[in-house]
Amino acid sequence: MTSRRHFKREIRNIAEEIYLICILHRLQNPSCDIEQTKTIIKDTMAIQKEYIRRINHTEPGDAKAYYRHLHRSFDDTMDKLIDTIEALIKKTTNK
């Protein structure tokens, strides 16, 4: 199990990478859907805030199980967000 500090750092790093991917995609493809890109960035910000909040306020009980579940939940959420980004990129490059 990683420490809370490392988990927070991991969340921030992944969020920064997603921001960077969105910005680079927008710069490389001026015809991409700006609103969808903004939505992805806003969703990423919301996810980042939510998970950091959940890390800061650990539920009472089995902390190890709580963080294991939180980590799996974060991974699943990021996978869905990455799928959305991939769909946006495919949609833009196929025009």
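Tutor: Buried means under 20% relative accessible area, exposed means over 50%, and partly exposed lies in between, with a 1.4 Å probe and protein chains only. This is a predicted model, in which local features need pLDDT of at least 70 and side-chain atom pairs count only at pLDDT 80 or more, while totals for chains, interfaces and linings use all residues. Residues are numbered from 1 along each chain as its sequence is written, and side-chain values use heavy atoms, with hydrogens and water left out.

Student: Why is Arg53 called partly exposed?

Tutor: Arg53 has 44% relative accessibility, which is neither under 20% nor over 50%, so the middle term applies.

Student: What makes Arg53 and Glu50 a salt bridge?

Tutor: The rule asks for a side-chain nitrogen of Lys or Arg within 4 Å of a carboxyl oxygen of Asp or Glu. For Arg53 and Glu50 the N to O distance is 2.8 Å, so the pair meets the rule. The count by this rule is one salt bridge. Both residues lie in helix α2, three residues apart, about one turn of the helix. Glu50, at 33% relative accessibility, is also partly exposed.

Student: How do you know what the secondary structure of the protein chain comes to?

Tutor: Helices are DSSP runs of H or I with at least four residues, strands are runs of E with at least two, and numbering starts from the N terminus. Counted this way, the protein chain has three helices and zero strands, in the order α-α-α along the sequence. The C-alpha trace spans about 50 × 20 × 15 Å along its principal axes.

Student: What makes the nonpolar core a core, and which residues touch the most other members?

Tutor: A nonpolar core is a set of buried Ala, Val, Leu, Ile, Met, Phe, Trp, Tyr and Cys residues joined through side-chain atoms within 4.5 Å. The largest one here has 17 residues, and those touching the most other members are Phe7, Ile11, Ile18, Ile40, Leu70 and Phe74. Helices α1 (4-28), α2 (34-56) and α3 each supply at least two residues of this core. The most come from α3, with eight residues. In soluble globular proteins, nonpolar side chains tend to be buried together. Across the 95 residues of the protein chain, 29% are buried.

Student: Why is Leu24 called partly exposed?

Tutor: Leu24, which sits in helix α1, has 41% relative accessibility, so it counts as partly exposed. It belongs to a nonpolar surface patch with Leu20, Ile23 and Leu27, which together have about 400 Å² of accessible area. A patch takes residues with over 30% relative accessible area and no salt bridge, joining nonpolar side chains (Val, Leu, Ile, Met, Phe, Trp, Tyr) within 5 Å and like charges within 9 Å.

Student: What makes the other patch negative, and which residues gather in it?

Tutor: Asp75, Asp76, Asp79, Asp83 and Glu86 gather there. Asp and Glu count as negative, so the patch is one of negative charge. One of its residues, Asp76, is in helix α3 (residues 63-93). Its relative accessible area is 47%, so Asp76 is partly exposed.

Student: Why is Lys49 called exposed?

Tutor: Lys49 has a relative accessible area of 61%, and anything over 50% is exposed, so the word fits. Lys49 lies in helix α2. Its C-alpha atom is 9.4 Å from that of Ile11, and the two are 38 residues apart along the chain.

Student: How do you know which term Ala65 counts as?

Tutor: Ala65 has 30% relative accessibility and therefore counts as partly exposed. Ala65 belongs to helix α3. From Arg9 it is 56 residues apart in sequence and 20 Å apart in space, C-alpha to C-alpha.

Methods. Accessible areas come from the Shrake-Rupley method with a 1.4 Å probe; for residues, only the protein chains shown count as cover. The place of a charge is taken as NZ of Lys, CZ of Arg, CG of Asp or CD of Glu.
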